[in-house]
Amino acid sequence: MLKNHMDDLTGLGFGQKVFLLAGVIAMAVVVTGSNILVELPLNDWFTWGAISYPVAFLVTDLTNRTLGARLARKVVFVGFIAAVVMSILFANPRIAVASATAFLIAQMLDVAIFDRLRRQSWWKAPIASSFIASFVDTVIFFTLAFAGTGLPWHTWALGDFAAKIIMVAVLILPFRGLIRITDPLTLAPATR
């Protein structure tokens, strides 16, 4: 199994390896931070985690576009493991489990949808994949993390999903700018 992971890396250039490592680190930081910030409500509709977490979809989509779906799944998986460990150490255990479950399902869905739409206009794949995966993530996370706690999790979930959609709209411009920078790193035009 380790040989397969190493084979994935042997065909990459130095810049691509750095990009892959940056993606893993960014994913772990975003998810861990969001797991801590979700416990800090702004009001009855939003938590700070609703603002930080959508950056995970940006990381996934940039990796998918730049290095392809196979390596995007690796960033999700390695980022997932790092985030689970960090979340267990720094966040509420129930939130860590809910986050891990929602994250893995939603991010893998994001990768699959993005990959399927990658040949369409530059904005369709990240918007569609992030929108659908954000909905799935929100439903799974808030149900597992807060159901039965007496906290206003229904409104937090609605606010969280609304914030994710707003962030998808906001992050589409950095995505466009960043793909211009990362395009030289692409493995081949077919991975776009």
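Of the 192 residues of the protein, 46% count as buried. The model is a predicted one. Its secondary structure consists of eight helices and zero strands, so that the order of elements from the N terminus on reads α-α-α-α-α-α-α-α. Along the principal axes, the C-alpha atoms fill a box of roughly 50 × 35 × 20 Å. The radius of gyration is 16 Å, in agreement with the value near 16 Å that a compact globule of 192 residues would have.

Salt bridges were sought over the whole structure, and three were found. One of them joins the side chains of D115 and R118, with an N to O distance of 2.8 Å. The contact between the side chains of R118 and D115 is also listed as a polar contact, again at 2.8 Å. R118 is placed in the loop that runs between helix 6 (93-117) and helix 7 (124-146). The two partners fall into separate classes of accessibility. R118 has a relative accessible area of 6% and is therefore buried, the limit for this class being under 20%. D115, with a relative accessible area of 34%, is partly exposed.

A salt bridge is also formed by D137 and K164, whose closest N and O atoms are 2.6 Å apart. D137 belongs to helix 7 and K164 to helix 8 (residues 153-182), so this pair ties together parts that lie 27 residues apart in sequence. Both D137 and K164 are buried. K164 forms a salt bridge with D160 as well, and here the closest N and O atoms are 2.9 Å apart. In this case both residues, D160 and K164, lie in helix 8, with a spacing of four residues, or about one turn of the helix. D160 is buried, as is K164. Through these contacts D137, D160 and K164 are linked in a network of salt bridges.

Aromatic contacts were examined next. A pair of aromatic rings is described by the distance of the centres and the angle of the planes. The structure holds 11 aromatic pairs. For Y53 and F57, the ring centres are 5.6 Å apart and the planes stand at 85 degrees; the pair is therefore edge-to-face, a class that requires an angle over 60 degrees. Y53 and F57 are both buried. Elsewhere, F141, F142, F146 and W156 are joined into a cluster by ring pairs.

On the surface, a nonpolar patch of about 700 Å² is made by I36, F77, V78, I81, V85, M86, L89 and F90. Helix 5 (residues 69-90) gives the most to this patch, contributing seven residues. V78, one of the residues of the patch, has its place in helix 5. The relative accessibility of V78 is 39%, and V78 therefore counts as partly exposed, a class that lies between the buried limit of 20% and the exposed limit of 50%.

In summary, the predicted model is built from eight helices without strands. Its salt bridges include the D137 to K164 pair, which ties helix 7 to helix 8, and the D115 to R118 pair, in which R118 lies in the loop between helix 6 and helix 7. The nonpolar surface patch draws seven residues from helix 5.

How values were computed. Residues numbered from 1 in each chain as written. Predicted model: local features only at pLDDT ≥ 70, side-chain atom pairs only at ≥ 80, totals over all residues. Heavy atoms only, no water. Patch = residues over 30% accessible without salt bridge, like charges linked within 9 Å, V, L, I, M, F, W, Y side chains within 5 Å. Areas by Shrake-Rupley, 256 points an atom, 1.4 Å probe, with all protein chains shown as cover. Salt bridge = Lys/Arg side-chain N within 4 Å of Asp/Glu carboxyl O. Helix = DSSP H or I, 4+ residues; strand = E, 2+ residues; numbered from the N terminus. Buried < 20%, exposed > 50% of the residue type's maximum accessible area, 1.4 Å probe, protein only. Polar contact = N/O pair within 3.5 Å; in protein donor to acceptor, adjacent residues only side chain to side chain. Phe/Tyr/Trp six-rings, centres within 6.5 Å; stacked < 30°, edge-to-face > 60°. Rg over C-alpha atoms; globule rule 2.2 N^0.38 Å.
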